[in-house]
Amino acid sequence: MSTLNIPFLLDTDTYKLGHPRMYPEGAKELRAYFTCRGPLFDDDQRIVVYGLRYAFDTILSRRITQQDIDEADKWLQQHGVANTIMEWPKDLWQIVVDKYDGYIPLQVKALREGSVIYPQVPVFEIVAREIDGDQFQYLVTYLETALMRIWSPMVTATKSAMVRAYLQKKFDNSVEDDAMFLLDSRLHDFGSRGVSSQETAMVTGCAHLTSFDGTDTMIAGWLATRYNDGKHIGTSVLATEHSVMTSWDQEIDAVKRAVEITPSGGICSVVADSYSYNNFLTQHLPIVAPLAQAKGILFVVRPDSGDPVQCVIDGLYACERAFGADVNAKGFKVIRGGAVIQGDGINVKKLFEIADAVEAAGFSAQCVAYGMGGGLLQKQDRDTLKVAIKLCAIDLGNGLEGRMKKPSDDISKTSLPGPFIVNNVSGRPQVYPAYGNVWEDTRFENNKLEIIWDCGPTDYIWETIDQIRKRIQREWANSVSQNNEVLSHQMELRLQQTAAAIRDKYPVGG
């Protein structure tokens, strides 16, 4: 079944169906927000915002139809225990179709794609209000399940940004200016086959392309190109796989064939561990090196088993012997037409370890590329960044009042009381409460939470992938690995006041 045929109104958790009847009666407005409660790594807590545009295209801007209502209602007739009818806010969705042309009557404010933030910073806020007597405020988190899934592209965008920043330093140390362009291709997406669905491959693979251009996940490149006003995103090379290598009686013949079909001036990557990596380096490489050099080919050795660090270093020394090397102006060796790509056992920390070893061995960072598969797109979950959507404010007729979660048994799950504003202070995001005299502060003229949906399309303009790349690189370079001032003094005070009120109502041990 195509994903386009999945019933839209059923793409939520069952317990969401009863929530509109559980909220306090008389509420005029409810607000909830999405945030990351933890970092990818403790020693670098920066996080990249990405995935909102796809969520907008497939969730927020989806127009509800009568078929959506009828299909959901039919299935829910037997979803309850013992085949009882599961009640759901069918009446509200019917009003959406009949009076609002199918447009979801919520307001969503969000940070820009590519923003570099820290844990606790709100990424987007959902505002649900009563409109002309229609109780849409009770749909505040109906879309939570679907919208929450941006955690995956956010994790991958963060990984790729971290890798790029680390390799940028290695390039600055060891690569001459005329070869700096190679940085764009140093991390290659190998992850399409290792993810749970084609949508994951496409959306999360697109997140990788906000920092690099190398990918074998073509549908990710297609989406990135679409989000780049048609300007192409995504590059790759001619490469063998083990089935190619083992189909020949002699492995060297497979290598020669790969070189033969590679266009002059092109790149050919050959997997080297089908039988013996050491034999490939010592026996085959000296034979193929002059053939590749004669065609002006960059011949890339791909070890695919063994210790990742040692395999890369062994490959570089073997390439140096077979191809020769020059010492560049920065004092590092550059192989003449040879390189290594490590695509097995790679994650962010292992890549850093390899890059350090390459530099220590005296080779330029341009001599090594990295392929990351499951470690880039799949080895992550919602708890990687500890993402959550939580209620932050409610209007019961006397104006917005902050609401927060503050479990006494796990302080890490504390949420922020709203309403709030996100602004940049000294180039870094900071959260302020939106009440009282803070409105008079000039820092609040540019709230970073912008309206992207307001009960229908707005004039919001999504940035291209090229623009997002520049934003990530700019904000990452201007940020620090840890920011202990995410919450403004005013927000800290608001948090303490709200927490104190909660303690008065629910004393620990009471």
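Which elements make a right-handed β-α-β unit with helix α12? In this predicted model, the unit consists of β13, helix α12 (residues 348–360) and β14, and the legends below begin with the whole chain before turning to that region and to several others.

**Figure 1. Overview of the predicted model, which holds 15 helices and 19 strands.** The C-alpha atoms fill a box of roughly 80 × 50 × 50 Å, taken along the principal axes, and buried residues make up 55% of the 510 residues in the protein. Among contacts between residues at least 6 apart in sequence, 77% join residues at least 24 apart.

**Figure 2. The open sheet of seven strands, in the order β7-β6-β14-β13-β10-β9-β8.** The pairing in this sheet is parallel. Strands β7 (214–215) and β8 (238–239) stand at the edges, and because each has a single partner strand, one side of each is left without a neighbour in the sheet. In the order of the sheet, β13 is placed between β14 and β10, and the pairing of β13 with these two strands is shown in the next view.

**Figure 3. Strand β13 (residues 338–342) and its partner strands, with five of the five residues of β13 buried.** Gly 338, Val 340 and Gln 342 point one way from the strand, whereas Ala 339 and Ile 341 point the other way, and all are buried. Strand β10 (residues 298–302) pairs with β13 in the parallel sense over three bridges, and within this pairing Val 340 is the bridge partner of Val 301. Three bridges also join β13 to strand β14 (residues 368–372), and these two strands run parallel. Here Val 340 stands opposite Val 368, while Gln 342 stands opposite Tyr 370. Helix α12 joins β13 and β14 in making the right-handed β-α-β unit.

**Figure 4. The largest cavity, with about 70 Å³ of space.** The structure holds four cavities of 30 Å³ or more, and the largest of them is lined by Leu 167, Lys 170, Phe 171, Ser 174, Arg 186, Ala 355, Val 358, Glu 359, Phe 363, Ala 365, Val 368 and Tyr 370. Helix α5 (151–174), helix α12 and strand β14 each supply at least two residues of this lining, with α5 giving the most, namely four residues. By class, the lining has eight nonpolar, one polar and three charged residues. Two of the lining residues, Val 368 and Tyr 370, also appear in the preceding view, where Val 368 stands opposite Val 340 and Tyr 370 stands opposite Gln 342.

**Figure 5. The second largest cavity, with a volume of about 60 Å³.** Its lining is made of Phe 8, Leu 9, Asp 11, Thr 12, Ile 59, Trp 93, Tyr 142, Leu 143 and Ala 146. By class, seven of these residues are nonpolar, one is polar and one is charged.

**Figure 6. Surroundings of two buried helix residues, Thr 156 and Ala 292.** Thr 156 has its place in helix α5 and counts as buried because its relative accessibility is 0%. Leaving aside its neighbours within four places in sequence, Thr 156 is in contact with Thr 204, Ala 207, His 208, Leu 376, Leu 377 and Gln 380. Ala 292 lies in helix α10 (residues 277–294) and likewise counts as buried, at 0% relative accessibility. With neighbours within four places in sequence again left aside, Ala 292 is in contact with Val 259, Ile 297, Phe 299 and Phe 323. The C-alpha atoms of Ala 292 and Ala 27, which are 265 residues apart along the chain, are separated by 72 Å.

**Figure 7. Backbone details in three loops, including the cis peptide bond from Gly 418 to Pro 419.** Most residues other than glycine have a negative phi, and most peptide bonds are trans. The bond from Gly 418 to Pro 419 has omega near -5°, and Pro 419 lies in the loop between β16 (400–402) and β17 (420–425). Asp 101, in the loop between α3 (90–99) and β3 (107–110), has a positive phi, near 55°, and is partly exposed, with a relative accessible area of 48%. Asp 229, found in the loop between α7 (218–226) and β8, also has a positive phi, near 55°, and counts as exposed because its relative accessibility of 67% is over 50%.

Key. Residues are numbered from 1 along each chain as its sequence is written. This is a predicted model: local features need pLDDT of at least 70, side-chain atom pairs count only at pLDDT 80 or more; totals for chains, interfaces and linings use all residues. Side-chain values use heavy atoms; hydrogens and water are left out. Buried means under 20% relative accessible area, exposed over 50%, partly exposed in between (1.4 Å probe, protein chains only). Two strands pair if DSSP finds at least two bridges between them. A crossover is right-handed if, with the strands pointing away from the viewer, the path from the first strand over the helix to the second runs clockwise. On a 1 Å grid over the protein atoms alone, a cavity is a set of points where a 1.4 Å probe fits but cannot get out, and a pocket is an open set with protein on both sides within 12 Å along at least five of seven lines; lining residues have an atom within 4 Å of a point. Grid points are joined across faces, edges and corners, and a volume is the space filled by probe spheres set on the points. Ala, Val, Leu, Ile, Met, Phe, Trp, Tyr, Cys and Pro count as nonpolar, Asp, Glu, Lys and Arg as charged, and the others, Gly among them, as polar. Contact means heavy atoms within 4.5 Å.
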